[in-house]
Amino acid sequence: MAAYSLISTTFHSSPTFSVLSRSPNRNFSFSLSKSPLFLKTSRPIILSSLNPKLNRKSPTPDSSDSSCHRKLLLIQKPSSSALDSLLVLFASVALSVSLLIADVDPASAFVVTTPRKLQTDELATVRLFQENTPSVVYITNLAVRQDAFTLDVLEVPQGSGSGFVWDKQGHVVTNYHVIRGASDLRVTLADQSTYDAQVVGFDQDKDVAVLRVDAPKDKLRPIPIGVSADLLVGQKVFAIGNPFGLDHTLTTGVISGLRREISSAATGRPIQDVIQTDAAINPGNSGGPLLDSSGSLIGINTAIYSPSGASSGVGFSIPVDTVGGIVDQLVKFGKVTRPILGIKFAPDQSVEQLGVSGVLVLDAPPNGPAGKAGLKSTKRDTYGRLVLGDIITSINGKKVSTGSDLYRALDQCKVGDKITVEVLRGDHKEKIPVTLEPKPDDES
């Protein structure tokens, strides 16, 4: 171990030293450079090795040459007090002793290592991930299967996804398609502790589900809830999830579009006002949170547009303003009470072929709201000819051209509301009042 000490008197004008370098062999060489100002000292400056091994005489005939190789003597003009020289001597001895006790490697005795420097935006991203990761969970969907040979009943994983902690009561929010068809569900928290989960309720139409785990409150960290009404295209977003089973993966991007519309994976009912993002969302990210730059929840990652099934830069998230109302109903009542018109209607393409705009009623059961109000269904006459039913053209004065328009109008209504449905019946239009009723529990 080699350490170095600088023993000198006090400098009245400080010199500048170049980097100390070590040659590959055991002989050390030093280079000093000073500024144009002269050094004013009363005694010589001696730079020497404190390692006894380095002070041994060389087997060369001239021992003075070896000594000169290990010592660099600079004699300056004497002009300082003895007290200052003594103080510097004590400081140099203290430095030498500390280096010897610390057992510092000779090559790194004077090397100062600086911590990794991150940019401001990088530090913000790291902090966001560290603060929100404890709120994200891993959900395993288990299904019961019977072995074909032994007939044993086995519980095997049939899918997985992500979710996040909603409150301290153990409620976990995820997508409905993550838990669909499960016989049992398991939730793994950020500390890798696993708990059985019970389904509190779900909304198939909006692809939202709420689970509950019986975990200690100190392990549950609810995610901060944000607002999605004031989002702007171009602002940064962050997605945390478990793509392909790789837990707690962070991807970043921006909001690519707003007010998109996708269909529910369970019922095909359209979901409006969806957020589009280019943050990488892959299988396993479903149900995970989409965060803004402050770390607040603005959406649930639910779907991607990709022919291959992997991320193609077009992902969709259900806005938190929509999710919040659904979760509150599921926690309180275990279900979402949504009004229905009580009809079955034809695909939009079929109506377009007729050259009209609106929603064609195929069936209006007499015990449903539309049937009670007198809407007519499509049927065949005694000769087998098709007789078109009513074609809905507006609800409460709002134009209805497609099935999505119909759902959008109903989403703004409540159970028990009386709405005015304008229909095209034959060659004339009629306005029919209809009282909306709740969706039956057994109806999808």
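**Close-up views of a predicted model**

**View 1. Thr277, a buried residue at the end of a strand.** Thr277 is buried, with a relative accessible area of 0%. This is a predicted model, so keep that in mind for every view here. Thr277 sits in strand 12, which spans residues 270-277. Its side chain gets to the backbone oxygen of Val254 at 3.0 Å. Setting aside neighbours within four places in sequence, the residues in contact with Thr277 are Val237, Val254, Ser256, Gly313, Val314 and Gly315.

**View 2. The hairpin of strand 23 and strand 24.** Strand 23 (residues 418-425) runs antiparallel to strand 24 (residues 428-435), and the two pair over eight bridges. Pick out Glu422 and you'll find its bridge partner, Lys431, in strand 24. Two residues lie between the strands, and Gly426 takes a positive phi near 70° in this hairpin.

**View 3. Arg425 and its two acidic partners, Asp390 and Glu430****.** Arg425 meets Asp390 in a salt bridge, 2.8 Å from N to O. Asp390 belongs to the loop between strand 20 (386-387) and strand 21 (391-395) while Arg425 belongs to strand 23, so this pair ties together parts that are 35 residues apart in sequence. Asp390 and Arg425 are both buried, with Arg425 at a relative accessible area of 16%. Arg425 also forms a salt bridge with Glu430, where the closest N and O atoms are 3.3 Å apart. Glu430 is partly exposed, at a relative accessible area of 27%.

**View 4. A salt bridge within helix 8****.** Asp405 and Arg408 both lie in helix 8 (residues 403-411), three residues apart, or about one turn of the helix. Their closest N and O atoms are 3.0 Å apart in the salt bridge. Asp405 is partly exposed at 21% relative accessible area, and Arg408 is partly exposed too, at 31%.

**View 5. A salt-bridge network.** Here Asp203, Asp205, Lys206, Arg269, Arg338 and Asp411 are linked by salt bridges into a network. Across the whole structure, a search turns up 14 salt bridges.

**View 6. A nonpolar patch on the surface****.** Leu86, Leu89, Phe90 and Val93 make up the patch, and together they have about 340 Å² of accessible area. Val93 is in helix 2 (residues 82-102) and is partly exposed, with a relative accessible area of 40%.

**View 7. Asp184 and Thr140.** Asp184 is part of strand 7 (residues 184-188) and counts as partly exposed at 37% relative accessibility. Asp184 and Thr140 are 44 residues apart in sequence, yet 8.5 Å apart in space from C-alpha to C-alpha.

Terms used:
Residues numbered from 1 in each chain as written. Predicted model: local features only at pLDDT ≥ 70, side-chain atom pairs only at ≥ 80, totals over all residues. Heavy atoms only, no water. Patch = residues over 30% accessible without salt bridge, like charges linked within 9 Å, V, L, I, M, F, W, Y side chains within 5 Å. Areas by Shrake-Rupley, 256 points an atom, 1.4 Å probe, with all protein chains shown as cover. Salt bridge = Lys/Arg side-chain N within 4 Å of Asp/Glu carboxyl O. Helix = DSSP H or I, 4+ residues; strand = E, 2+ residues; numbered from the N terminus. Buried < 20%, exposed > 50% of the residue type's maximum accessible area, 1.4 Å probe, protein only. Polar contact = N/O pair within 3.5 Å; in protein donor to acceptor, adjacent residues only side chain to side chain. Contact = heavy atoms within 4.5 Å. Pairing = 2+ DSSP bridges.
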